[in-house]
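Here's a quick tour of a small model for the bench. Take a look at the structure first, then read on.

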Amino acid sequence: LIYSIATMPLEASKNRMASQKPDAVTGKLPYTGTIQTLRTVSANEGFMALYNGFLPYYMRCGGHTVSMFIIVQMLRDYYKSMQ
(Lines give C-alpha, C1' and ligand atoms only; values in the text may rest on other atoms or scores of the structure.)
Protein backbone atom coordinates (compact mmCIF):
# COMPACT_ATOMS: atom_id res chain seq x y z
CA LEU A 1 0.00 0.00 0.00
CA ILE A 2 2.78 2.43 0.93
CA TYR A 3 4.62 1.67 -2.32
CA SER A 4 1.50 2.38 -4.36
CA ILE A 5 0.72 5.60 -2.51
CA ALA A 6 4.29 6.85 -2.89
CA THR A 7 4.74 5.98 -6.57
CA MET A 8 1.27 6.64 -8.03
CA PRO A 9 1.92 10.35 -8.75
CA LEU A 10 5.11 9.41 -10.61
CA GLU A 11 3.28 6.72 -12.56
CA ALA A 12 0.51 9.18 -13.45
CA SER A 13 3.11 11.73 -14.53
CA LYS A 14 4.88 9.16 -16.70
CA ASN A 15 1.62 8.11 -18.34
CA ARG A 16 0.60 11.71 -19.08
CA MET A 17 3.99 12.48 -20.60
CA ALA A 18 3.86 9.30 -22.71
CA SER A 19 0.39 10.04 -24.10
CA GLN A 20 0.64 13.81 -24.59
CA LYS A 21 -0.17 15.46 -27.89
CA PRO A 22 1.32 18.71 -29.18
CA ASP A 23 -0.78 21.87 -28.95
CA ALA A 24 -2.59 22.44 -32.25
CA VAL A 25 -1.62 26.13 -32.41
CA THR A 26 1.91 26.26 -31.02
CA GLY A 27 3.03 22.69 -31.61
CA LYS A 28 4.51 22.56 -28.10
CA LEU A 29 4.04 19.61 -25.81
CA PRO A 30 2.18 20.45 -22.59
CA TYR A 31 4.57 18.50 -20.32
CA THR A 32 8.36 18.76 -20.41
CA GLY A 33 9.45 16.78 -17.36
CA THR A 34 8.25 14.82 -14.36
CA ILE A 35 8.31 17.65 -11.81
CA GLN A 36 6.72 20.09 -14.26
CA THR A 37 3.99 17.54 -15.01
CA LEU A 38 3.31 16.99 -11.30
CA ARG A 39 3.07 20.74 -10.71
CA THR A 40 0.89 21.42 -13.76
CA VAL A 41 -1.57 18.63 -13.04
CA SER A 42 -1.78 19.58 -9.35
CA ALA A 43 -2.39 23.23 -10.19
CA ASN A 44 -4.93 22.65 -12.98
CA GLU A 45 -6.80 19.55 -11.80
CA GLY A 46 -5.95 19.26 -8.11
CA PHE A 47 -3.45 17.05 -6.34
CA MET A 48 -5.83 14.09 -6.17
CA ALA A 49 -5.91 13.94 -9.98
CA LEU A 50 -2.50 12.29 -9.68
CA TYR A 51 -4.22 9.37 -7.94
CA ASN A 52 -6.82 8.66 -10.65
CA GLY A 53 -6.70 4.94 -11.35
CA PHE A 54 -5.25 4.11 -7.95
CA LEU A 55 -7.17 0.86 -7.41
CA PRO A 56 -5.95 -0.89 -10.59
CA TYR A 57 -2.43 0.38 -9.91
CA TYR A 58 -2.58 -0.88 -6.33
CA MET A 59 -3.85 -4.29 -7.46
CA ARG A 60 -1.04 -4.56 -10.00
CA CYS A 61 1.68 -3.50 -7.57
CA GLY A 62 0.22 -5.47 -4.67
CA GLY A 63 -0.09 -8.63 -6.72
CA HIS A 64 3.46 -8.25 -7.98
CA THR A 65 4.82 -7.66 -4.47
CA VAL A 66 3.03 -10.64 -2.97
CA SER A 67 4.08 -12.96 -5.80
CA MET A 68 7.71 -11.82 -5.45
CA PHE A 69 7.70 -12.57 -1.71
CA ILE A 70 6.28 -16.04 -2.39
CA ILE A 71 8.80 -16.78 -5.13
CA VAL A 72 11.74 -15.53 -3.07
CA GLN A 73 10.64 -17.70 -0.13
CA MET A 74 10.29 -20.71 -2.41
CA LEU A 75 13.78 -20.12 -3.81
CA ARG A 76 15.22 -19.79 -0.29
CA ASP A 77 13.56 -23.03 0.79
CA TYR A 78 14.84 -24.80 -2.32
CA TYR A 79 18.35 -23.48 -1.78
CA LYS A 80 18.33 -24.63 1.86
CA SER A 81 17.13 -28.10 0.85
CA MET A 82 20.01 -28.40 -1.63
CA GLN A 83 22.67 -27.88 1.05
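## Just after the second helix

Let's start at a turning point: right behind α2 comes Gly-46, and its phi is positive, near 95 degrees. Keep in mind that this is a predicted model.

## Helix α2 and its two sides

Now back up into the helix itself. α2 takes in residues 34-45, which makes 12 residues. From first C-alpha to last, α2 reaches 16 Å, close to the 16 Å expected at 1.5 Å a residue.

Which residues of α2 are buried? They are Thr-37, Leu-38 and Val-41. These three cover an arc of only 100 degrees around the axis, so they sit on the same side of α2. Turn to the other side of α2 and you'll find Ile-35, Arg-39, Ala-43 and Asn-44, which are exposed. As for what lies over the buried residues of α2, the cover includes α1 (2-18).

## Ser-4 in helix α1

While we're on α1, have a look at Ser-4, which is found in that helix. Is Ser-4 buried or exposed? With a relative accessible area of 2%, Ser-4 is buried, because anything under 20% counts as buried.

What does Ser-4 touch, leaving out residues up to four places away in sequence? Its partners are Phe-54, Tyr-57, Tyr-58 and Cys-61.

## The whole chain

Zooming out, the protein chain has three helices and zero strands. Read from the N terminus on, its elements run α-α-α. The radius of gyration of the protein chain is 19 Å, well over the 12 Å that the globule rule gives for 83 residues, so the chain is more spread out than a compact globule. Along the principal axes, the C-alpha atoms fill a box of roughly 65 × 25 × 20 Å.

## Burial, contacts and surface

How much of the protein chain counts as buried? The figure is 22% of the 83 residues. Then there are the contacts: take those between residues at least 6 apart in sequence, and 58% of them join residues at least 24 apart.

On the outside, the protein chain exposes about 6,500 Å². Carbon and sulfur atoms supply 66% of that exposed area.

Note on methods
Residues numbered from 1 in each chain as written. Predicted model: local features only at pLDDT ≥ 70, side-chain atom pairs only at ≥ 80, totals over all residues. Heavy atoms only, no water. Helix = DSSP H or I, 4+ residues; strand = E, 2+ residues; numbered from the N terminus. Expected span 1.5 Å × (residues − 1). Buried < 20%, exposed > 50% of the residue type's maximum accessible area, 1.4 Å probe, protein only. Arc of directions from axis to C-beta. Contact = heavy atoms within 4.5 Å. Rg over C-alpha atoms; globule rule 2.2 N^0.38 Å. Areas by Shrake-Rupley, 256 points an atom, 1.4 Å probe, with all protein chains shown as cover.
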